[in-house]
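Trainee: Got a minute to go through a structure with me? I'd like to talk about pockets, the core and ring pairs.

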Amino acid sequence: MGDAAMTTDLTLPMPARLLIPHRPPMQLVERLLSYGDQAGEVEALFPAESLLAAADGTLDGVALVELLAQGYAVIKGYDDLLQGKEISKGYLVGLRKLRLTGTARVRERLLVRIRTVGSFEGFAVAEGEVERDGVAIASGTLKLWIVGDATGEAS
């Protein structure tokens, strides 16, 4: 088992900062609420001083895309720890079927639902959505490159 897995309490909910390299002001997700079978729910709350908000507090659409990517990073990091591995690094390399159907503002609590739908040769595909008050405001399919994960196994 890797050192990180041995020293981290894996009880949920878990602060996202333990699972991803992002730090404020670029850390947009707060905590992992639930996880199972390479899928999870992640909570986000944008502070008033967010770099991705307009003067009126409305979040830019790119913030919702970044929430999906960070949501994936959180569930991947948690899955790595459950497997006794070091937390992987990864990069968003593609986006398909993006739908921005609503808006969000600073200080609104958002829920990111994300699930891994496949992985092969160091790449992963995940589907996710961002919800505000139980209504989807963004959804899409992400393609991610997971550094050093070219085993061909599901990760």
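Mentor: What follows goes through the pockets, then the core, then the aromatic pairs; keep in mind that this is a predicted model.

Trainee: Pockets, then. What volume does the largest pocket have?

Mentor: About 310 Å³. Its lining has 19 residues, and H22, A73, K89, G90 and Y91 are the closest to the centre.

Trainee: Which element gives the most to that lining?

Mentor: Helix α2, with seven residues. At least two residues each come from α2 (61–82), β4 (90–100) and β7 (135–146).

Trainee: And how does the lining of the largest pocket split by class?

Mentor: Eleven residues are nonpolar, five are polar and three are charged.

Trainee: How much space is in the second largest pocket?

Mentor: About 200 Å³. Its lining includes P24, P25, Q27, L28, V29 and E30 from one part of the sequence, and L45, F46, P47, E49, S50 and L51 from another.

Trainee: What about classes in the lining of that second largest pocket?

Mentor: Eight nonpolar, two polar and two charged residues.

Trainee: Switching to the inside. How many residues does the largest nonpolar core have?

Mentor: The count is 35, and L67, Y72, L110 and V130 have the most contacts inside this core. Helix α2 provides the largest share here, nine residues. The elements that each supply at least two core residues are β2 (29–36), β3 (39–45), α2, β5 (109–120), β6 (123–132) and β7.

Trainee: Is there a general point behind that sort of grouping?

Mentor: In soluble globular proteins, nonpolar side chains tend to be buried together.

Trainee: Take L110. What is it in contact with, leaving aside neighbours within four places in sequence?

Mentor: L110 is in contact with V42, E43, A44, F46, L59, L64, L67, A104, V130, E131, R132 and I137. Two of these, L67 and V130, are also among the core residues with the most contacts.

Trainee: Now rings. How many aromatic pairs are in the whole structure?

Mentor: The search finds two. One of them is Y91 with W145, a stacked pair at 5.7 Å centre to centre, with 25 degrees between the planes.

Trainee: Why does that pair tie together parts that are apart in sequence?

Mentor: Because Y91 sits in strand β4 and W145 in strand β7, the pair links parts 54 residues apart in sequence.

Trainee: How accessible are Y91 and W145?

Mentor: Y91 has 47% relative accessibility, so it counts as partly exposed. W145 is partly exposed as well, at 37%. Y91 also came up earlier, among the residues closest to the centre of the largest pocket.

Technical notes. Residues are numbered from 1 along each chain as its sequence is written. This is a predicted model: local features need pLDDT of at least 70, side-chain atom pairs count only at pLDDT 80 or more; totals for chains, interfaces and linings use all residues. Side-chain values use heavy atoms; hydrogens and water are left out. On a 1 Å grid over the protein atoms alone, a cavity is a set of points where a 1.4 Å probe fits but cannot get out, and a pocket is an open set with protein on both sides within 12 Å along at least five of seven lines; lining residues have an atom within 4 Å of a point. Grid points are joined across faces, edges and corners, and a volume is the space filled by probe spheres set on the points. Helices (H or I, at least four residues) and strands (E, at least two) are DSSP runs, numbered from the N terminus. Ala, Val, Leu, Ile, Met, Phe, Trp, Tyr, Cys and Pro count as nonpolar, Asp, Glu, Lys and Arg as charged, and the others, Gly among them, as polar. A nonpolar core is a set of buried Ala, Val, Leu, Ile, Met, Phe, Trp, Tyr and Cys residues joined through side-chain atoms within 4.5 Å. Buried means under 20% relative accessible area, exposed over 50%, partly exposed in between (1.4 Å probe, protein chains only). Contact means heavy atoms within 4.5 Å. Rings of Phe, Tyr and Trp (its six-membered ring) pair if their centres lie within 6.5 Å; planes under 30 degrees apart count as stacked, over 60 as edge-to-face and the rest as tilted.
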